[in-house]
Amino acid sequence: EAKAPRTVALFSPGGSSCAAMGHILGLPFPYAIALLHIDFTGITAVRLDGRAGIGALPQLKCSNDTGHLRGGKRDG
């Protein structure tokens with residue numbers, strides 16, 4: 001049975017964010033650091049499916065979106 005989606009906000013420096021995202025996405029920390037490149041104030045969104053079991057995989061919706069800053073980049 002699916003649960004209602006929830007939103008969790010994490011405010012942390014890039015290294016801590018990479019560690020958390022690596023854990024959520026099942027990536028070793030060195031891979032997370034190499035792949036995610038999280039900037040200060042970069043927004044990363046992950047959707048966590050409410051279903052339990054092996055088929056419930058996290059989805060990386062956007063990573064390091066700085067479009068809210070002047071001259072920032074958008075992750076589409």
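In the predicted model, His-37 counts as exposed because its relative accessibility is 52%, a value that lies over the 50% cut-off for that class. The residue is found in the loop between α2 and β1, the latter spanning residues 43–47. When neighbours within four places in sequence are left aside, His-37 is in contact with Ala-32 and Asn-64. The C-alpha atom of His-37 is separated by 8.0 Å from that of Cys-18, although the two residues are 19 apart along the chain.

Cys-18 itself belongs to the largest nonpolar core, which comprises five residues, namely Cys-18, Met-21, Ala-32, Leu-36 and Ile-38. Helices α1 (14–25) and α2 (29–36) each supply at least two residues of this core. With residues up to four places away in sequence not counted, Cys-18 touches Phe-29, Ala-32, Ile-33, Leu-36 and Ile-38. Ala-32 is thus a member of the core, a partner of Cys-18 and a contact of the exposed loop residue His-37.

Two packed helices are described by the angle between their axes and the distance between the axes. In the present model, the axes of α1 and α2 come within 8 Å and cross at roughly 115°, and the crossing in which α1 passes α2 is right-handed. On the side of α1, the residues that take part in the contact are Gly-15, Cys-18, Ala-19, Met-21 and Gly-22, and these meet Phe-29, Ala-32, Ile-33 and Leu-36 in α2. By class, seven of the residues in this contact are nonpolar and two are polar, while charged residues are absent from it.

Two further residues of α1 were examined individually. Ala-20, which lies in helix α1, counts as partly exposed because its relative accessibility is 25%. The C-alpha atoms of Ala-20 and Ala-32 are separated by 9.1 Å, with their positions 12 residues apart along the chain taken as the sequence separation. Leu-25, also placed in helix α1, has a relative accessibility of 23% and therefore counts as partly exposed, the buried class being reserved for values under 20%. Leu-25 touches Pro-58 and Leu-60 when residues up to four places away in sequence are not counted; Leu-60 falls within strand β2, which spans residues 59–65. A separation of 10.0 Å was computed between the C-alpha atoms of Leu-25 and Leu-48, which are 23 residues apart along the chain.

Taken as a whole, the protein has two helices and two strands, and from the N terminus on these elements run in the order α-α-β-β. Of the 76 residues in the protein, 18% are buried. Among contacts between residues at least 6 apart in sequence, 32% join residues that are at least 24 apart.

With regard to confidence, the protein averages a pLDDT of 77, and 74% of the residues score at least 70. Among the elements, the highest mean pLDDT is that of α2, at 87, whereas strand β2 has the lowest, at 80. Where pLDDT is low, the predicted coordinates should not be read in detail.

Methods. Residues are numbered from 1 along each chain as its sequence is written. This is a predicted model: local features need pLDDT of at least 70, side-chain atom pairs count only at pLDDT 80 or more; totals for chains, interfaces and linings use all residues. Side-chain values use heavy atoms; hydrogens and water are left out. A nonpolar core is a set of buried Ala, Val, Leu, Ile, Met, Phe, Trp, Tyr and Cys residues joined through side-chain atoms within 4.5 Å. Buried means under 20% relative accessible area, exposed over 50%, partly exposed in between (1.4 Å probe, protein chains only). Helices (H or I, at least four residues) and strands (E, at least two) are DSSP runs, numbered from the N terminus. Contact means heavy atoms within 4.5 Å. pLDDT is the predictor's confidence in each residue, from 0 to 100. Axes are lines fitted to C-alpha atoms, for helices over the stretch in contact, and angles run from 0 to 180 degrees between N-to-C directions. A crossing is left-handed if the near helix is turned anticlockwise from the far one by less than a right angle, and right-handed if clockwise. Ala, Val, Leu, Ile, Met, Phe, Trp, Tyr, Cys and Pro count as nonpolar, Asp, Glu, Lys and Arg as charged, and the others, Gly among them, as polar.
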